[in-house]
Amino acid sequence: MISQRAKQLLLKKLSHRIKTIRKSKNLSQQAMAKKCGMDFGSYSNIENGKRNVTIFTLQRIVKELKISFDELFNFKGY
């Protein structure tokens, strides 16, 4: 079983990765939330590691960022 600490670390890595990629594409959080069909607060919580994200939401995020799941989960250097 995965520990609570490990879960938090994974969420932190994932949220940081999403934020970094979004910024590299010059998108605001509001623009990204709109593209994903989400309200701003929910999207912001994902990027801040405060919300566990479903695979379906991740699919929308990678589609709008125009990246693959492999690229999203490339945590090298983090």
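## Lys66 and the end of helix α4

Lys66 is exposed, with a relative accessible area of 68%. The model is a predicted one. Lys66 sits in the loop between α4 and α5, and its phi is positive, about 60°, although the residue is not a glycine. Along the chain, Lys66 follows α4.

## Helix α4

Helix α4 covers residues 55-65, and its buried residues are Thr57, Leu58, Ile61, Val62, Glu64 and Leu65. Viewed down the axis of α4, these buried residues fall within an arc of 165°, so they line one face of the helix. Ile55, Phe56 and Lys63 are exposed on the other side of α4.

The cover over the buried residues of α4 includes α1, α2 (29-35), α3 (40-47) and α5 (69-72).

## Helix α1

Helix α1 runs over residues 4-24. With 21 residues, α1 reaches 30 Å from its first C-alpha to its last, close to the 30 Å expected at 1.5 Å a residue. Buried in α1 are Leu11, Leu14, Ser15, Arg17, Ile18, Ile21 and Arg22. They cover an arc of only 160° around the axis, and therefore lie on the same side of α1.

The face of α1 turned away from its buried side carries Arg5, Lys12, Lys23 and Ser24, which are exposed. The elements that cover the buried residues of α1 include α2, α3, α4 and α5. Thus α4 is part of the cover for the buried residues of α1, and α1 is part of the cover for those of α4.

## Asn26 after helix α1

Just after α1, Asn26 adopts a positive phi of about 55°, although Asn26 is not a glycine. This residue belongs to the loop between α1 and α2. Asn26 has a relative accessibility of 71% and, being over 50%, counts as exposed.

Asn26 and Lys66 can be set side by side. Asn26 is in the loop between α1 and α2, while Lys66 is in the loop between α4 and α5. The phi of Asn26 is positive at about 55°, and that of Lys66 is positive at about 60°.

## Val53

Val53 is found in the loop between α3 and α4. At 14% relative accessibility, Val53 is under the 20% limit and so counts as buried. Leaving aside residues up to four places away in sequence, Val53 touches Leu14, Ile46 and Leu58. Of these contacts, Leu14 is one of the buried residues of α1, and Leu58 is one of the buried residues of α4.

The C-alpha atoms of Val53 and Gln30 are separated by 17 Å, the two residues being 23 residues apart along the chain.

## The largest pocket

The largest pocket holds about 180 Å³ of space. Its lining consists of Ile2, Gln4, Lys7, Gln8, Leu10, Leu11, Leu14, Asn52, Val53, Leu58 and Phe73. Helix α1 supplies the largest share of this lining, 6 residues. By type, the lining residues divide into 7 nonpolar, 3 polar and 1 charged.

Several residues described above recur in this lining, including Leu11, Leu14, Val53 and Leu58. Leu11 and Leu14 are among the buried residues of α1, Leu58 is among those of α4, and Val53 is a buried residue of the loop between α3 and α4.

How values were computed: Residues numbered from 1 in each chain as written. Predicted model: local features only at pLDDT ≥ 70, side-chain atom pairs only at ≥ 80, totals over all residues. Heavy atoms only, no water. 1 Å grid on protein atoms, 1.4 Å probe; cavity = no way out; pocket = protein on both sides within 12 Å on 5 of 7 lines; lining within 4 Å. Points joined across faces, edges and corners; volume = space filled by probe spheres on them. Helix = DSSP H or I, 4+ residues; strand = E, 2+ residues; numbered from the N terminus. Nonpolar A, V, L, I, M, F, W, Y, C, P; charged D, E, K, R; others polar. Buried < 20%, exposed > 50% of the residue type's maximum accessible area, 1.4 Å probe, protein only. Arc of directions from axis to C-beta. Contact = heavy atoms within 4.5 Å. Expected span 1.5 Å × (residues − 1).
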